[in-house]
Amino acid sequence: MSHELDNQVVAITGASSGIGEAAAVDCARAGASVALAARRSDRIEALADRITGEGGRALAVTTDVAQEAQARAFIERAHAELGRLDVLVNNAGVMLLGPIAGAPTEEWRQMIDANVYGVLYCTHAALPLMAAQGSGHIINISSVAGRVARAGSGVYNLTKFGVGAFSESLRQEAVSLGVRVTVIEPGAVATELAGHNRPEIRAQIAKRFEGLTPLAAEDIARAVLYAITQPANVSVNEVLVRPSGQVF
């Protein structure tokens, strides 16, 4: 275990798998106390046990960030039980692709609720706490899909373009609060994200990325840790990370 994040508290949403899980492990190994939010209680409880078994400190809070009361309760409980709040990693999200025409509109609502409202609710709860302590860092996990729109991912693009715009506005407002803001935009990453799609969409995604070796969740976790561990006078505002073989 390193000591780069000793005495810091990092709250991570979507911590039950993928980037969120990897970021939690890396932050804990760097010395941070970590608060873990996700809907799958068993996953985050097992992760918390793993972290504490390695000598770290972890708090698991079953949370649906699309529900404002639950998002706020997660942030406030992390602050109250772990003593402060230094970093919020807004990682929870859903990617449900497909044509706009004839799309199941419930999928749109799921993406907007998690990808947009989840970021907004957690950030809204965290900002006053960070402002009161005079420091903090908000990291929003976006996507290459927040920079490049493609047919078949229109609403997902909408949510991730929105995260990018929100992050830049938040960055400007947060300067006076002593709070840094980073948006991280991964390309193809080997996580469970694509697996939530309908079978025909999963087949299309697999064909699109055929022959490409995706990033691992740990690659993005390292980007998160890089941004967090910069000196206080350095604000890494944007990190775009693609697999070396990804063209688009």
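In the predicted model, V163 touches N115, V119, N140 and S142, leaving aside residues up to four places away in sequence. V163 lies in helix α5, which spans residues 154-174. Its relative accessibility is 3%, below the 20% cut-off, so V163 counts as buried. The contact with N115 links distant parts of the sequence: V163 and N115 are 48 residues apart along the chain. Their C-alpha atoms are separated by 7.8 Å.

Helix α1 was examined next. It covers residues 18-29, twelve residues in total. From first C-alpha to last, α1 reaches 17 Å. This is close to the 16 Å expected at 1.5 Å a residue. The helix is mostly covered, with ten of its twelve residues buried. The buried positions are G18, I19, G20, A22, A23, A24, V25, D26, C27 and A28. D26, a charged residue by class, is thus listed among the buried residues of α1.

The buried residues of α1 pack against both strands and helices. The strands are β1 (9-13), β2 (33-38), β5 (136-141) and β6 (179-186). The helices are α2 (41-53) and α7 (217-228). After α1 comes G31, with a positive phi near 110°.

A28 is found in α1. At 4% relative accessibility, under the 20% limit, A28 therefore counts as buried. A28 and M130 are 102 residues apart in sequence. In space, the two C-alpha atoms are 20 Å apart.

Helix pairs come next. Two packed helices are described by the angle between their axes and the distance between the axes. The axes of α1 and α2 come within 10 Å. They cross at roughly 20°. Angles under 35 degrees count as roughly parallel, and α1 and α2 are therefore roughly parallel to each other. Their crossing is right-handed. From α1, the residues in contact are E21, A24, V25, A28 and R29. From α2, they are L47, R50 and I51. By class, this contact has five nonpolar, no polar and three charged residues. A28 thus appears both among the buried residues of α1 and in the contact with α2. The same holds for A24 and V25, which are buried and meet α2.

A second pair is formed by helix α3 (residues 68-82) and helix α4 (residues 105-133). These helices pack at an angle of about 35°, and their axes are 8 Å apart. α3 passes α4 in a right-handed crossing. On the α3 side, the contact is made by E68, A71, R72, I75 and H79. On the α4 side, it is made by Y121, C122, H124, A125, A126 and L129. By class, the contact has seven nonpolar, two polar and two charged residues.

Backbone geometry was also considered at N7. Most residues other than glycine have a negative phi. N7 is not a glycine, yet its phi is positive, about 70°. N7 is placed in the segment before β1. Its relative accessibility is 72%, over the 50% cut-off, so N7 counts as exposed. By contrast, V163 and A28 both count as buried.

Key:
Residues are numbered from 1 along each chain as its sequence is written. This is a predicted model: local features need pLDDT of at least 70, side-chain atom pairs count only at pLDDT 80 or more; totals for chains, interfaces and linings use all residues. Side-chain values use heavy atoms; hydrogens and water are left out. Helices (H or I, at least four residues) and strands (E, at least two) are DSSP runs, numbered from the N terminus. The expected span of a helix is 1.5 Å times one less than its number of residues. Buried means under 20% relative accessible area, exposed over 50%, partly exposed in between (1.4 Å probe, protein chains only). Contact means heavy atoms within 4.5 Å. Axes are lines fitted to C-alpha atoms, for helices over the stretch in contact, and angles run from 0 to 180 degrees between N-to-C directions. Angles under 35 degrees count as roughly parallel, over 145 as roughly antiparallel, 65 to 115 as roughly perpendicular and the rest as oblique. A crossing is left-handed if the near helix is turned anticlockwise from the far one by less than a right angle, and right-handed if clockwise.
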